[in-house]
Amino acid sequence: MTTDSITALQRIYGGPDGTGMGSSVTRCVLPTGEDLEMAARKRYREFCGHLWERFGPENWLGQWAEVYRRPAGSSGDIVQEILGIEDHLASLAASMLLDNIENPEAAKQALETEFNDPAIQQFVIYRLGDGDAYSGVLLAAQRDSNQPVTFLAFLMD
């Protein structure tokens with residue numbers, strides 16, 4: 001985990017600002033007692049910004065689901081993990097992280113640098129969307145408890 005890896009991801013996928021559409025990368029330390037899923041839901045809400053209240057939490061959380069969890073002790077292969085998502089809506093959105101960008105090779109390298117880190121203790125991909133017009137994914141990587149968590153949110157219409 002380096003600041004350089006986050007900078008590279010943010011150049012490709014955008015910074016932490018919540019826009020409600022597109023993609024965003026952020027890193028934060030979890031508050032004491034907050035688990036990864038709680039933090040991921042909070043990040044999802046921040047990412048949606050004003051759209052969260054406009055369409056209501058029940059819409060945004062109606063499609064929320066864990067669609068992939070890296071097996072404990074596995075070093076991971078982020079590209080294969082993304083390509084292997086079995087949930088149809090999540091797989092469509094996740095594959096866009098790899099292919100629907102200006103420089104796919106740079107994106108894959110940045111994803112691998114950040115998300116294949118052997119220090120990651122927990123890596124989860126969640127399905128996002130409203131079940132109608134919007135679909136997406138949120139990648140969440142947690143190292144040990146005193147280290148920042150990395151989130152990559154992607155939402156498309």
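Here are legends for four close-up views of this predicted model.

**View 1. The open sheet and its edges.** Five strands line up in the order E1-E5-E4-E3-E2, and their pairing is antiparallel. Strands E1 (22-28) and E2 (65-69) stand at the edges with a single partner strand each, so one side of each has no neighbour in the sheet. On average, neighbouring strands are turned by 20° against each other, direction ignored.

**View 2. Strands E4 and E5 side by side.** Follow residues 135-142 of E4 and residues 149-156 of E5: the two strands run antiparallel and are joined by 8 bridges. If you would like a place to start, find Ser135, which stands opposite Met156 in E5.

**View 3. Two helices packed on the sheet.** Helix H2 (residues 36-48) packs on the sheet and touches E1, strand E3 (122-129), E4 and E5. The direction of H2 makes about 45° with that of E5. Helix H7 (residues 104-115) also packs on the sheet, with E1, E3, E4 and E5 as the strands it touches. For H7, the angle between its direction and that of E5 is about 145°.

**View 4. Ala40 and its surroundings.** Ala40 has its place in helix H2. Is this residue buried or exposed? Ala40 has 0% relative accessibility, so it counts as buried. Leaving aside residues up to four places away in sequence, Ala40 touches Trp64, Tyr126, Leu138 and Phe151. Asp132 lies 92 residues from Ala40 along the chain, and the C-alpha atoms of these two residues are separated by 21 Å.

Key: Residues are numbered from 1 along each chain as its sequence is written. This is a predicted model: local features need pLDDT of at least 70, side-chain atom pairs count only at pLDDT 80 or more; totals for chains, interfaces and linings use all residues. Side-chain values use heavy atoms; hydrogens and water are left out. Two strands pair if DSSP finds at least two bridges between them. Helices (H or I, at least four residues) and strands (E, at least two) are DSSP runs, numbered from the N terminus. Axes are lines fitted to C-alpha atoms, for helices over the stretch in contact, and angles run from 0 to 180 degrees between N-to-C directions. Contact means heavy atoms within 4.5 Å. Buried means under 20% relative accessible area, exposed over 50%, partly exposed in between (1.4 Å probe, protein chains only).
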